[in-house]
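Work through the exercises below with the sequence and the coordinates at hand, and try each task before reading its solution.

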Amino acid sequence: MKNQDKWCIEKIALDGTGKQQSESDSKFISFFKRNYKKILIVTLVVYLLILAYGVTMTRFYIDENGHKHVFKMSFSDIKLEDDYDSLTDKLDDIRELLTDITVVDIHLANGDISNYEAATQYNNILNGKLDILIPKIDAMNVQSGQETVKNELKSILSNDLALYLQYIIKGLQTGSNDTVSAALSYRDKALSTYDIIENDIRNIADALKIQASDYFSWNLGDAVLKKDKTAILQGNGDS
């Protein structure tokens, strides 16, 4: 019976896994003891990465009543924020373009520069800035939901400001009042289109709970004076 107990199936690992498991555990413990500092550092780095990711996915905002709330961003929100950054970057370019054009407008209206000088400056803006900006907007990669805003950016350049500059240059060169009047209609259209673009981008900011009231308080008149303090439109009563 003792011999039978000695060879009992419940006491013997026929495939030798019992011994192998013991050796494996021993090697793991030995490896951990030798490398515990590295393991600790890697664990800490992974934890910090997860923590940083959580921070980037969370935004705090204050509502209209002054109450603070948490806005947890989804992956689609992150993509939308990338689009928002791209759109505001191009909106900044258009703001600068409007500012440059308006500076020339004011100096021309005040009689500070001749028609020839104004036409030359308008032409420099058309060829040196506007024409360069159009392909940059064409190359923008935004989600389908923001294609409308992208097309609005293209429209204000190609259909509004470009035509304004072309007509005003021609009007100043030929002395045609009708051409100048047509140019001014395109300028008014450009300003209306700008308001639409800014409002659409503001809606994206609101959806993402981005506090951007300062950004959307941009004023063309203030931008003109910041760029050129002498660009002050004279009224009928001014000397």
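Two residues are in contact here when heavy atoms of theirs lie within 4.5 Å. The structure is a predicted model, and every value in the solutions is computed from it.

**Exercise 1. Overall layout**

Task: Describe how many helices and strands the protein chain has, in what order they run, and how its contacts are spread along the sequence.

Solution. Begin with the elements: the protein chain has 7 helices and 2 strands, and, read from the N terminus, these follow the order α-α-β-β-α-α-α-α-α. Turn next to burial, where 33% of the 239 residues in the protein chain come out as buried. Then take the contacts in the protein chain with a separation of 6 or more, of which 66% are made between residues 24 or more positions apart. As a single example of a pair distant in sequence, consider Ser 86 and Asn 141, which are 55 residues apart along the chain and have C-alpha atoms 8.5 Å apart in space. Ser 86 belongs to helix 3 and, with a relative accessibility of 27%, counts as partly exposed.

**Exercise 2. The surroundings of Glu 198**

Task: Determine whether Glu 198 is buried or exposed, and which residues it touches once those up to four places away in sequence are set aside.

Solution. First locate the residue: Glu 198 is part of helix 6, which spans residues 177–207. Its relative accessibility is 8%, and because buried means under 20%, Glu 198 counts as buried. With residues up to four places away in sequence left out, Glu 198 touches Arg 95 and Phe 216. One of these two contacts can be specified further, since the side chains of Glu 198 and Arg 95 make a polar contact at 3.0 Å.

**Exercise 3. From a pair to a network**

Task: Find the salt bridges that Glu 198 forms with Arg 95 and Arg 202, and say which residues are linked with it in a network.

Solution. The pair with Arg 95 comes first: the side chains of Glu 198 and Arg 95 form a salt bridge with an N to O distance of 3.0 Å. Glu 198 sits in helix 6 and Arg 95 in helix 3, so this pair ties together parts that are 103 residues apart in sequence. Both partners, Glu 198 and Arg 95, are buried.

The pair with Arg 202 comes second, and here the N to O distance of the salt bridge with Glu 198 is 3.5 Å. Because Glu 198 and Arg 202 are 4 residues apart in helix 6, about one helical turn separates them. Arg 202 is partly exposed, at a relative accessible area of 25%, whereas Glu 198 is buried.

Finally, put the pairs into their wider setting: a network of salt bridges links Asp 92, Arg 95, Glu 198 and Arg 202, and the structure holds 9 salt bridges.

**Exercise 4. A second link from helix 3**

Task: Establish which parts of the chain are tied together by the salt bridge between Asp 100 and Lys 129, and how each partner is classed by accessibility.

Solution. In this salt bridge the closest N and O atoms of Asp 100 and Lys 129 are 2.3 Å apart. Asp 100 lies in helix 3 and Lys 129 in helix 4 (residues 115–138), so the pair ties together parts that are 29 residues apart in sequence. Asp 100, with a relative accessible area of 5%, is buried, while Lys 129, at 37% relative accessibility, counts as partly exposed.

**Exercise 5. Pocket and cavity**

Task: Which residues line the largest pocket, which line the largest cavity, and how do the two linings divide by class?

Solution. Take the pocket first: the largest one has a volume of about 150 Å³ and is lined by Glu 96, Thr 99, Trp 218, Ala 223, Lys 226 and Lys 227. At least two lining residues come from each of helix 3 (75–109) and helix 7 (220–227), with helix 7 giving the most, namely 3 residues. By class, the pocket lining comprises 2 nonpolar, 1 polar and 3 charged residues.

Now take the cavity: a search of the whole structure finds 1 cavity of 30 Å³ or more, and the largest cavity holds about 40 Å³ of space. Its lining consists of Leu 98, Ile 101, Thr 102, Leu 161, Arg 187, Ala 190 and Leu 191, with helix 3 and helix 6 each supplying at least two of the residues. The cavity lining divides into 5 nonpolar, 1 polar and 1 charged residues.

Technical notes: Residues are numbered from 1 along each chain as its sequence is written. This is a predicted model: local features need pLDDT of at least 70, side-chain atom pairs count only at pLDDT 80 or more; totals for chains, interfaces and linings use all residues. Side-chain values use heavy atoms; hydrogens and water are left out. On a 1 Å grid over the protein atoms alone, a cavity is a set of points where a 1.4 Å probe fits but cannot get out, and a pocket is an open set with protein on both sides within 12 Å along at least five of seven lines; lining residues have an atom within 4 Å of a point. Grid points are joined across faces, edges and corners, and a volume is the space filled by probe spheres set on the points. Ala, Val, Leu, Ile, Met, Phe, Trp, Tyr, Cys and Pro count as nonpolar, Asp, Glu, Lys and Arg as charged, and the others, Gly among them, as polar. Buried means under 20% relative accessible area, exposed over 50%, partly exposed in between (1.4 Å probe, protein chains only). A polar contact is a pair of N or O atoms within 3.5 Å; within protein, one must be able to donate a hydrogen and the other to accept it, and residues adjacent in sequence count only if both atoms are side-chain atoms. A salt bridge is a side-chain nitrogen of Lys or Arg within 4 Å of a carboxyl oxygen of Asp or Glu.
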